[in-house]
Amino acid sequence: MFTLLNLQSLLGLVVITAVCWAVSENRRAFPWRLAIGAVLVQAGLILATFAIPGSQVVLDAINNSVKGLEQATAKGTQFVFGYLAGGDQPYPVENQGALFTFAFNVLPLVIVISALSALLWHWKILKWVTLGFGKVFQKTMGLGGASALAVAANIFLGMVETPLVIRAYLDKLTRSEIFLMMVVGLGTVAGSTMVAYATILSPVLTNAAGHVLVASIVSAPAAVLLARIMIPEKPGQGGENADYNSALKYDSSIDAIVKGTADGLMVVLNISAVLITFVAFVALVNIMLGGLWIGGEPLSVERILGVLFAPVAWLTGVQWSEASQAGWLLGVKLTLTEFVAFIELGKIPAGEMSERTRMLMTYALCGFANIGSVGITVTGLSVLLPERRTEVLGLVWKALLGGFLATLMTACVVGALPGSIFGL
């Protein structure tokens, strides 16, 4: 049964598309067929995951896999850090919840999943899954082989490794194709972080792992559509074919595990450094704003973001009574990274946010579109494409807008579907 909230989400779809069309470099070249197809692909993938008979069995398997990875990682973490990571405590514990430490209970998952992803890539399992998605995107969305492979790789590998997968074709990509790769990279997340996000949300969101996995996959078609609206491909250009032989290779299984672990460690260090810096900056700004009172409460970054992004959150299908809190999360995602936003979302008790709003925010937050990722994108592509660095710099902020709107579009598609599909 459709409600006003479903219609609200449909309005959000229209507004997001209109915003991208307004900043388009060629408004006459609106891809109508791609727009309809992308939304249908998103809705189809969501329905296939949550609505078909037996889908709960698959979701349970995904959630159990995440729990298994979490338990296995805990064993390794406790072996190294002992009681600091939740092992046997040398003293009586009065508050068990205080034993949860982000550095020891979440970040090690990134290292383990990074190593596992590298191993599965070396064994060609993840490679063939990526190639399969690439073929699907190539056939259904009219992408060239290299672009389709980049879109698929972004879903599982992330924005850092993806350019390596198509490195042989990077210099042959058109301006529109480079922009598309950037938007998809900012509109999705890496497999190494999906499990961490699911772990954070599992105590407060049913089927958290399934939602996070689907969120990253279905945001890819949204990112492709919005990128094509903002910078359409010129007739007769683009469509570079790829032979699907990746430049991302490992010498052996051990080599894959070692290099995957090293890559995961670098990601963990970057995440930790960014979190420390940005959280400290927000606290510093709040201290400076502490003397300003509005409406009987002190002004803060959280209140400002809540006001600015409340209408945006409302467009995804969130009730207005929760729009300020949801808008704050969107602002946190854009300024402080999605990791901080997921942590804050996981901290909100079940009774203080509806299941629908929490679910919609899971989809809206599940992407790398934040200010910090702008620097990562520019740095990575500047190394691989030094001769086109100026072009990349000219596209990156527009790509940030596209990536941010792509996850919002995914949330709108989810919000437009009947809540009974998700058990609401």
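# Exercises on a predicted helical chain

In this chain, 77% of the contacts with a separation of 6 or more join residues 24 or more positions apart; contact means heavy atoms within 4.5 Å. The model is predicted: local features need pLDDT of at least 70, side-chain atom pairs count only at pLDDT 80 or more, and totals for chains, interfaces and linings use all residues. Residues are numbered from 1 along each chain as its sequence is written, and side-chain values use heavy atoms, with hydrogens and water left out.

## Exercise 1: overall build

Task: Work out how the radius of gyration of the chain agrees with that of a compact globule.

Solution.
- Start with the elements. The chain holds 18 helices and two strands. These are DSSP runs, numbered from the N terminus: helices are H or I with at least four residues, strands E with at least two.
- Apply the globule rule, 2.2 Å times the number of residues to the power 0.38, with the radius taken over C-alpha atoms.
- For 424 residues a compact globule would come near 22 Å; the chain has 21 Å, so the two agree.
- Add the extents. The C-alpha trace spans about 70 × 55 × 50 Å along its principal axes.
- Turn to the surface. About 18,900 Å² is exposed, and carbon and sulfur atoms supply 67% of it. The areas come from the Shrake-Rupley method with a 1.4 Å probe; for residues, only the protein chains shown count as cover.
- Finish with burial. Of the 424 residues, 53% are buried. Buried means under 20% relative accessible area, exposed over 50%, and partly exposed in between (1.4 Å probe, protein chains only).

## Exercise 2: aromatic pairs

Task: Classify the pairs Tyr197 with Phe342 and Phe309 with Phe404, then place them in the fold.

Solution.
- A pair of aromatic rings is described by the distance of the centres and the angle of the planes.
- Set the rule. Rings of Phe, Tyr and Trp (its six-membered ring) pair if their centres lie within 6.5 Å; planes under 30 degrees apart are stacked, over 60 edge-to-face, and the rest tilted.
- The count by this rule is seven aromatic pairs.
- Tyr197 and Phe342 have ring centres 4.5 Å apart and planes at 25°, so they are stacked.
- Tyr197 sits in helix H10 (residues 191-201) and Phe342 in helix H15 (residues 338-347), so this pair ties together parts 145 residues apart in sequence. Tyr197 and Phe342 are both buried.
- Phe309 and Phe404 have centres 6.1 Å apart and planes at 65°, so they are edge-to-face.
- Phe309 belongs to helix H13 (residues 301-315) and Phe404 to helix H18 (residues 389-416), so parts 95 residues apart in sequence are tied together.
- Check burial. Phe309 is buried at 14% relative accessibility, and Phe404 is buried at 8%.
- Extend the first pair. Tyr197, Phe339 and Phe342 make one aromatic cluster.

## Exercise 3: the nonpolar core

Task: Which helix gives the most to the largest nonpolar core?

Solution.
- In soluble globular proteins, nonpolar side chains tend to be buried together.
- Define the set. A nonpolar core joins buried Ala, Val, Leu, Ile, Met, Phe, Trp, Tyr and Cys residues through side-chain atoms within 4.5 Å.
- The largest core has 132 residues; those with the most contacts inside it are Ile46, Phe137, Ile166, Leu330, Phe339 and Leu345.
- Helix H11 (residues 208-230) gives the most, with 16 residues.
- Take Leu345. Not counting residues up to four places away in sequence, Leu345 touches Leu201, Val204, Leu329, Met353, Arg358, Met361, Thr362 and Leu365.

## Exercise 4: two positive phi angles

Task: Is Thr337 buried or exposed, and where does Thr337 lie?

Solution.
- Locate Thr337: the loop between helix H14 (320-336) and H15.
- Thr337 is not a glycine, yet its phi is positive, about 85°.
- Thr337 is buried, with a relative accessible area of 12%.
- Beyond four places away in sequence, Thr337 touches Val274, Leu275, Val332 and Asn370.
- Repeat for Lys124, in the loop between helix H5 (107-122) and helix H6 (125-141). Its phi is near 70°, again positive in a residue other than glycine.
- At 43% relative accessibility, Lys124 is partly exposed.
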